[in-house]
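Please open the model in a viewer and keep the selection tool at hand. The tour below proceeds from one selection to the next and describes what is found at each stop.

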Amino acid sequence: MQVNLAPHEIDRAEYVFRSFSVFPNYGATSSSDGADAHEAAEPAALPLAPTTALGSMRKKTLVISGFTRTSAANTPFTLNGRAMTVAQYYAEAHGIRLRAPHLPCAMVQAGKLRRAPGQDRISSARLGATDASNPETIYLPLELATMAPSQKASRPLGRIDHNAFKVSALSPHDRAAHIVRAGRAIYDPPLSLLVAYGLQPQFELTAAPARQLLAPTLLFHPTSQEPTLVPTQGRWDMSVHKLYRPAEGGIRRWAVLPFVPCDPKLVNRFMTRLSQRLRMFGVHVEDRDPPILPPCDPGMGKEMLRTAVRHAYLQAGAEAQHPDVLVFVLPNRGFELYHELKRICDTELGVVSQCLTLKVAQDSRPTHVENIALKLNVKLPGRGQNFAVDPAQLLALQEVPTMFMGADVTHPAQEIRSPSIASVVGSMDRYGARYACATRIQPIRAEIILDIGSMVVELLQKFYMSTGCKPQRIMFFRDGISESQFSDVMRCEVAAIRKAFRAMDPEYKPLLTFMVVQKRHHTRFFAVAPEQADPRTGNLPPGLFVDSETAHPFEFDFYIQSHSTLQGLAKPTRYSVLVDESKFAPNDLAELCWRQCFLYPRGSRSVSMVPAGFYAHVTAARAKAHVVDGEQDGQRYFALQVVKPGLEGTMYFM
C-alpha cells in the first residue's frame, strides 16, 4: 500500500531532519534484476564509480539540506543533456529499482571524497542524481539513506512539551521551595558515605549580604518635555522624551518589501505609526508614505531574491540618491531568508535593513513600534544615540579616555559546513554608547579567539579616527568563557591584546581591565522578606550587587542582577576580573558595569549584562550571513564578505 506524504508532512520532516548527517547504503537495496533480495554486490551497485570511490562514499557522511516536494518517480533533473527522473537514474546508472518511488528524496550536500594518489576526481553526478542548476545538491531516495549514528538533535523532534519549561516560569517564592524539595529528595536521609565523613547536608538557602545600586540619571534631548529621568525598576517610559542625539539626516527615502501575502492597508498603518514615532523622537523623516511593493515568494531562489531586493532599492531611491532604509515583512522568524536579506543589504547594497514579522506589522503595537524606532536611530548614519548616562555619575570615564570592548565566539549548531565566528566590538566615543565591530572566521568549536590581536588593533585605529585620541584605559568584557578556560584566555587572548598595544606604538601602554561575563551558572538570589521584592514579579529589584558568600573565596568576582523580568526568576550576571591594572575598588567597578546596562539601544529598560557583551554576541551572529563557502583548486575554503563602507560607521548590526 502506497501512502503519499502531504505537503505539511514533508515540511515537518524537513524541519526535523535538516542538517542531520546520512550516508548512502547502495549495497543494501534490491539488485539490478528487480528482485527484492538484498544481495547486490558492491561493484554492481555502483557501476559508474570505482570500488575505492564507493568505499570512500560510504565512510563520508552527507548533510541533509531539505526534501523534494515531489516523489522520486516524479522529480526530474538533467544529466549530460538528458532529462530523466531520480527513479530512472538509479535504475539505469546503479541497477537499483526503488521499492518506494512514491516517497520524496532527501536533498543532501556532497562531501569531499578522499582520493588515492593519481585517482581522478569523482563528480557528484556519478555518485547520485544531481540537479544541473545546483551541482552541489544530490537527490538521494529515502530508502537509500541511512542515518549516521550518535547525532545530537538541536531542535525538537516532535511536539514541544511545555511542562518541561514550567520550572523556569515559577515565581521566585515557588522556585526557592522547588530547589529545597529537590535537595531533600536527593540527600534526605543523607548518604552513608557522607555520614562516614561527618558531613551533614543543610537544606536552607544560604544568606548572603547584598547592597542595592542606585539607578543612574539618564539624559535625553534638551528640548524633551523631561530632559532627565531616573528609571524605576530598571525601565522607563519614552512618551515624553526625545532621543539624546537623533541621527543626522534622518530618513529621506525608504521602501517596504513583503515576503508574505499581506493587507497593504495594515502595513501602511504600521509604517505611518513608525514614521510618527520617529518624528516624535526627533528623527527627521522626509518620506512619510514609503512605497509598499507587491509581495514576493519567500521560497524564491537566491538570484531572484537579489533581483527583488535590488528592485526595492531602486524603487525607494531617487535620482542620484540611494535609500536610507529597506523594510522587509517576513512570514516568520526563519533564519534562511533573514540571513540572505541581511547579506545582500550589508555586503552588496550598503543600505540599512529592518526585518519584522507579519504579525508585528499587522498588530502595530506601540511597544513594537517604539523599539523598532529606537533600533533605526542607531542603525542610520549620523552617530545617533538614544539616551546617555549623566557624566557626573561616570567620573572614572572622565579621568582618562576609556574604551569599552567586548568579545564572543558563536559556534554552528549542527550545520557542520559552517565555521565558528569570533567577534570583537569596541566603543567609538568616551561614554560607551556607539560601537564598531571586527569579525573573523576561525576553526569550528575553537573558543579561544585566534586573531584577537589584529581585531583589537583595527578597533583601536577606529577609536582614534572617531575621537582623535588613543584610549588610555581599556575595559574588556569577554563572553562565553567557562572557569576551566580562564588560564587559556590569560595565556592567549590577554597576551595577544597587550601585543596589539605594542603594535600600535611601542610606548603605548593603556591600563587594561579584563573581565569574563558569565550567564551560565547556578547562582540565584531570593528576597528574605516580601517587602524587599518587586510586588509584581517577586524578584529582587534591578541593581542587586553581591560580592561575598556566594562569590569566589579569593578571586575578584561579583554578581549583579541588572534587569527586571516579566515572568520567572531573574538570573544575575557574574563578572570575574582576571586583570585589573586600573585597580578599581569593587564598588566602583560594579557601579560602572551597572550604569552601562542602561545604554543598550533596543528598548527602554536595563539589560542583564554590559552592552559590550551583547554587541559581541549580536555581531558574531550577524556575521553568519556574510560567510562565503567556496572552493578553489579542489580545496574548500570559508571567507567573510566585507561590509560596504557606507555601513562601517553605523551600528548596522542592531
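Begin by selecting helices H7 and H11: in this predicted model, H7 passes H11 in a right-handed crossing. H7 spans residues 264-281 and H11 spans residues 366-379, and their axes come within 9 Å and cross at roughly 60°. That angle makes H7 oblique to H11. To display the contact, select Phe-270, Arg-273, Leu-274, Arg-277, Leu-278 and Phe-281 on H7, together with Val-369, Glu-370, Ile-372, Ala-373, Leu-374 and Leu-376 on H11. Coloured by class, this contact shows nine nonpolar and three charged residues, with no polar ones.

Keep Leu-274 and Leu-278 of H7 highlighted, for they lead to the next stop. Both are among the residues with the most contacts inside the largest nonpolar core, which has 76 residues. Add Trp-254, Phe-477, Tyr-575 and Phe-653, which complete that list of most-connected members. As a general matter, nonpolar side chains in soluble globular proteins tend to be buried together.

Now centre the view on Phe-477. Which residues does Phe-477 touch, not counting those up to four places away in sequence? The set consists of Phe-404, Met-405, Gly-406, Ala-407, Met-515, Val-517, Tyr-575, Cys-593, Val-610 and Ala-612. A second, separate core of 32 residues includes Met-405, along with Leu-460, Phe-476 and Leu-512.

Leu-460 points the way to helix H13, where it takes part in the contact with H14. Select H13 (residues 452-467) and H14 (residues 486-504): the two helices pack at an angle of about 45°, with their axes 8 Å apart. H13 and H14 are therefore oblique to each other. The crossing of H13 past H14 is right-handed. On H13 the contact is made by Ile-452, Gly-453, Val-456, Val-457, Leu-460 and Gln-461, and on H14 by Glu-493, Ala-496, Ile-497, Ala-500, Phe-501, Ala-503 and Met-504. By class, the contact comprises ten nonpolar residues, two polar and one charged.

Move next to the loop between strand E18 (435-442) and H13, and select Ala-446 there. Beyond its neighbours within four places in sequence, Ala-446 is in contact with Val-409, His-411 and Ser-420. A distance label between the C-alpha atoms of Ala-446 and Pro-419 should read 9.4 Å, although the two residues are 27 apart along the chain.

The next helix pair is H8 (residues 302-316) and H9 (residues 335-349), whose axes come within 11 Å and cross at roughly 55°. That makes H8 oblique to H9, and H8 passes H9 in a right-handed crossing. Show Lys-302, Leu-305, Arg-306, Val-309, Arg-310 and Tyr-313 of H8 against Leu-337, Glu-340, Leu-341, Arg-343, Ile-344, Cys-345, Glu-348 and Leu-349 of H9. The residues of this contact divide into eight nonpolar and six charged, with no polar ones.

A charged residue awaits in helix H15 (residues 586-596): select Arg-595. Is Arg-595 buried or exposed? Its relative accessible area is 16%, so Arg-595 counts as buried, the cut-off being under 20%. Leaving aside neighbours within four places in sequence, Arg-595 is in contact with Pro-216, Val-389, Gln-393 and Leu-394.

The remaining stops concern backbone geometry. Most residues other than glycine have a negative phi, and most peptide bonds are trans.

- Select Asp-188 and Pro-189, which are joined by a cis peptide bond with omega of about 0°. Pro-189 is found in the loop between helix H5 (172-187) and helix H6 (192-196).
- Select Asn-80, in the loop between strand E3 (76-79) and strand E4 (82-85). Phi of Asn-80 is near 55°, a positive value in a residue other than glycine. Asn-80 is exposed, with a relative accessible area of 78%.
- Finish at Glu-549, in the loop between strand E21 (544-546) and strand E22 (557-561). Glu-549 is not a glycine, yet its phi is positive, at about 65°. With 56% relative accessibility, Glu-549 counts as exposed.

Technical notes. Residues are numbered from 1 along each chain as its sequence is written. This is a predicted model: local features need pLDDT of at least 70, side-chain atom pairs count only at pLDDT 80 or more; totals for chains, interfaces and linings use all residues. Side-chain values use heavy atoms; hydrogens and water are left out. Axes are lines fitted to C-alpha atoms, for helices over the stretch in contact, and angles run from 0 to 180 degrees between N-to-C directions. Helices (H or I, at least four residues) and strands (E, at least two) are DSSP runs, numbered from the N terminus. Angles under 35 degrees count as roughly parallel, over 145 as roughly antiparallel, 65 to 115 as roughly perpendicular and the rest as oblique. A crossing is left-handed if the near helix is turned anticlockwise from the far one by less than a right angle, and right-handed if clockwise. Contact means heavy atoms within 4.5 Å. Ala, Val, Leu, Ile, Met, Phe, Trp, Tyr, Cys and Pro count as nonpolar, Asp, Glu, Lys and Arg as charged, and the others, Gly among them, as polar. Buried means under 20% relative accessible area, exposed over 50%, partly exposed in between (1.4 Å probe, protein chains only). A nonpolar core is a set of buried Ala, Val, Leu, Ile, Met, Phe, Trp, Tyr and Cys residues joined through side-chain atoms within 4.5 Å.
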